[in-house]
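Here are my notes on the model you sent. They go from the whole chain to its strands and then to a few single residues.

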Amino acid sequence: MADLHAKGLRQGPGSDRTTLRALALTGLDDSIPLQVADFGCGTGAATLVLAEALPSSTITAVDLEPRFLEDLRERARERGVGHRINTLEASLDDVPLPEASLDLIWSEGAIYNLGFAEGVSLWRRLLRPGGILVVSEITWTTRSRPDELEDYWRREYPEIDTASAKLKLLEDAGYQPLAYFLIPETCWIEEFYRPLEARFPEFIRSASDKTAAQAIVAAEEREIELYESFREYFGYGMYLARY
Ligand code: SAH
C-alpha cells in the first residue's frame, strides 16, 4: 500500500484550497508563532500548505511511514520551509508530544485509522486549553442511502456517520465545535483518484508480488467506482473544534 501511495502528492482526498479554507475558518492569527502538528501527514500535502500560510509557526509532522516522512522532508527543503517542520515517526494512538503543548492539531484523511471518537478523545490532551482541532472524516451526507453503499462502508469503516453525529462526538469529548464543511468533489476525483489511477500500471509492473499488487489495485478501483456511483450520499467532512 505504501509503495502505491509513496509517489503521490497526497494520500487521501483534499486540496491546497480546502486546507486554506479550513485554516481561514480557525480564525488563527498567522503572525503569531504557533505550535502545530499534522497527524497522519503522509507526504505532507497539508503540512506544506500550513507551513507556508503560518510563516511564524513550527509544525510537527507525524506519520508511521518513514518513506512518507523522508519525501516530506525533501519537499519541505525544496519549498524553503524545512527549518520549521519536524518529522516524527510515531503512531497516532501514542504520539510522544508533551500534554497541552499544541495550539493546532491538523489531520486530513487519517483519523479513521484510530476511529473518530477514539482519535478526538486521545488527541485532546495534547492541545493547550483553547487549542484547535481540524480533522477530516468520511461522512454520510443524506439521511438514507442504497444498501450496497451502506454495506460497503459498514464493512470498511463502521464509524461512518452523519455530520451531526460527528459534531456530537466532538461535544461529548469536551470540544466546542467551530465549523463544518463538506470538501468539494474535485478533492476526490482530480486531486486524489486520477493521479492514483495513473500510478496503477507502474505499481503492478514494479511489484515483487504481482498478485498482491493486483489485489490492492482492485480494491482501490472498487472504492473509486463506488465514489463515482454514489458520491451524493457521502463525502469527506472537515470538522473544526476548540478545546
Ligand atoms: N494527510 C495526508 C495523508 C492521509 S493518508 C493527506 O491528506 O494526503 C493516512 C496517513 O496516515 C498515511 O500517511 C498513513 O501512513 C498514516 N497512518 C495510518 N495509520 C497510522 C497510525 N496508526 N499512526 C500514524 N500514522 C498513521
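1. A cut-off comes first: a residue is called buried when its relative accessible area is under 20%, exposed when that area is over 50%, and partly exposed in between. The model is predicted. By this cut-off, buried residues make up 49% of the 243 residues in the chain.

2. Overall form. The chain contains 9 helices and 8 strands. Its radius of gyration is 18 Å, close to the 18 Å that the globule rule gives for 243 residues, so the chain is as compact as a globular protein of that length. The C-alpha trace spans about 50 × 45 × 30 Å along its principal axes.

3. Contacts and surface. Of the contacts in the chain with a separation of 6 or more, 77% are between residues 24 or more positions apart. The accessible surface comes to about 11,300 Å², and carbon and sulfur atoms hold 49% of that area.

4. Charges. The chain carries 26 positive and 41 negative charges. The mean positions of these two sets are 2 Å apart.

5. Strand β4. This strand covers residues 102-107, and 6 of its 6 residues are buried. Strand β1 (residues 35-39) pairs with β4 in the parallel sense, over 3 bridges. Strand β5 is also joined to β4, by 5 bridges, and these two strands run parallel. β4 therefore has bridges to β1 and to β5, with 6 of 6 residues buried, under the 20% cut-off.

6. Which residues are the bridge partners of Ile105 in β4? Ala37 is paired with Ile105, and the partner of Ile105 in β5 is Leu133. A further pair can be checked at Ser107, which stands opposite Val135 in β5.

7. Strand β5. How many of the 14 residues of β5 are buried? The count is 11, so this strand, residues 127-140, is largely enclosed by the rest of the structure. Besides the parallel bridges to β4, β5 has 9 bridges to β8, and there the two strands run antiparallel.

8. Strand β8. Residues 234-242 form this strand, which is mostly covered, with 8 of its 9 residues buried. Strand β7 (residues 176-182) pairs with β8 in the antiparallel sense over 6 bridges. Met238 is a useful residue to look at: Ser136 stands opposite Met238, and Phe181 stands opposite Met238 as well. β8 thus has bridges to β5 and to β7.

9. His5. This residue is found in helix α1, residues 2-6. Is His5 buried or exposed? With a relative accessibility of 8%, His5 counts as buried. Leaving out residues up to four places away in sequence, His5 touches Gln11, Phe68, Phe192, Leu196, Arg199 and Glu220.

10. Leu20. Helix α2 (residues 16-26) holds this residue. The relative accessibility of Leu20 is 40%, and it counts as partly exposed. Apart from residues up to four places away in sequence, Leu20 touches Val49 and Ala53. Leu20 and Ala46 are 26 residues apart in sequence, and their C-alpha atoms are 9.0 Å apart in space.

11. Ala100. Most residues other than glycine have a negative phi. Ala100 is not a glycine, yet it has a positive phi of about 55°. Where does Ala100 lie? Its place is the loop between β3 (85-89) and β4. Ala100 is partly exposed, with a relative accessible area of 43%.

12. Ala215. This residue is found in helix α9, residues 210-230. At 47% relative accessibility, Ala215 counts as partly exposed, since the exposed class takes values over 50%. The C-alpha atoms of Ala215 and Asp71 are separated by 26 Å, and the two residues are 144 residues apart along the chain.

Notes
Residues numbered from 1 in each chain as written. Predicted model: local features only at pLDDT ≥ 70, side-chain atom pairs only at ≥ 80, totals over all residues. Heavy atoms only, no water. Helix = DSSP H or I, 4+ residues; strand = E, 2+ residues; numbered from the N terminus. Rg over C-alpha atoms; globule rule 2.2 N^0.38 Å. Buried < 20%, exposed > 50% of the residue type's maximum accessible area, 1.4 Å probe, protein only. Contact = heavy atoms within 4.5 Å. Areas by Shrake-Rupley, 256 points an atom, 1.4 Å probe, with all protein chains shown as cover. Lys, Arg positive; Asp, Glu negative; His and termini not counted. Charge placed at Lys NZ, Arg CZ, Asp CG, Glu CD. Pairing = 2+ DSSP bridges.
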